[in-house]
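User: Please take a close look at one part of this model, the largest nonpolar core. Tell me what it is built from and what lies around it.

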Amino acid sequence: TNDDTPTIRVTFTGSGVTAPVAGDVVKLFEGATQVGAATLVAGDITNGYVEITASTLAAGSQSFTATITDTAGNVSSASSALAVTIDTTAPVLASASVSGSTLTLTYTETGVGLAGTTRAADDFTVTKGVGNDAVSVTAVSIDTDAKTVTLTLGTAITNIDSNIKVS
């Protein structure tokens with residue numbers, strides 16, 4: 001993720017005396033450092049989860065765990081670890097080419113790159129012409145080895161089109 005304060009969904013289970021209740025505190029850890037906490041309310045219990053936004057984290061690999069502390073001060077075992085990579089380095093556009101309804105962007109990347117990301121067509125906006133007319137994006141393909149993003153457009157770009165913008 002490029003979010004250095006990610007929101008982590010912590011799910012919980014239990015029944016009887018081990019069931020979490022309103023007032024219990026869920027603590028989020030990155031390694032041994034607490035990076036967030038939430039006091040459970042009735043809605044969290046109904047949902048079976050609580051979302052906790054972590055404090056600001058450094059770029060790189062992170063490993064999150066969580067515990068629950070009841071109102072008597074009893075602390076649960078730590079959850080299984082969730083691995084997350086924080087990458088706040090934006091890719092740099094190296095080149096762009098278009099052939100009909102295929103727009104290929106080549107980028108450079110110094111961070112962990114786009115590996116492991118899934119991009120949707122609506123993550124991209126393409127416009128053309130002086131009026132910035134919208135061109136729909138119908139598919140996205142990412143090749144992290146070649147460092148390319150290929151967009152399939154709903155309408156072809158021709159040699160008379162100008163002012164092509166991608167965001």
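Analyst: The largest nonpolar core has 17 residues. Val10, Val26, Leu28, Val50, Ile52 and Phe64 touch the most other members. A nonpolar core here is a set of buried Ala, Val, Leu, Ile, Met, Phe, Trp, Tyr and Cys residues joined through side-chain atoms within 4.5 Å. Buried means under 20% relative accessible area, exposed over 50%, and partly exposed in between (1.4 Å probe, protein chains only).

This is a predicted model: local features need pLDDT of at least 70, side-chain atom pairs count only at pLDDT 80 or more, and totals for chains, interfaces and linings use all residues. Residues are numbered from 1 along each chain as its sequence is written, and side-chain values use heavy atoms, with hydrogens and water left out.

Which elements give two or more residues to this core? They are β1 (7–11), β2 (25–30), β3 (33–39), β4 (49–53), β5 (60–69) and β6 (82–86). β5 gives the most, with 3 residues. Strands are DSSP runs (E, at least two residues; helices are H or I, at least four), numbered from the N terminus.

Now look at β4. Its side chains alternate. Val50 and Ile52 point to one face and are buried. Tyr49, Glu51 and Thr53 point to the other face and are not buried. Valine 50 touches Ile8, Arg9, Val10, Phe12, Val26, Ala38, Leu40 and Asp44, leaving out residues up to four places away in sequence. Contact means heavy atoms within 4.5 Å.

β4 also pairs with β1. The two run antiparallel, joined by 5 bridges. Threonine 7 has threonine 53 of β4 as its bridge partner. Two strands pair if DSSP finds at least two bridges between them.

β1 and β5 turn up again at the second largest pocket, where each gives two or more residues to the lining. β5 gives the most, with 5 residues. In all, 26 residues line this pocket. Phe12, Thr67, Ile68, Ser76 and Ser77 lie nearest its centre. A pocket is an open set of points on a 1 Å grid over the protein atoms alone, where a 1.4 Å probe fits, with protein on both sides within 12 Å along at least five of seven lines; lining residues have an atom within 4 Å of a point.
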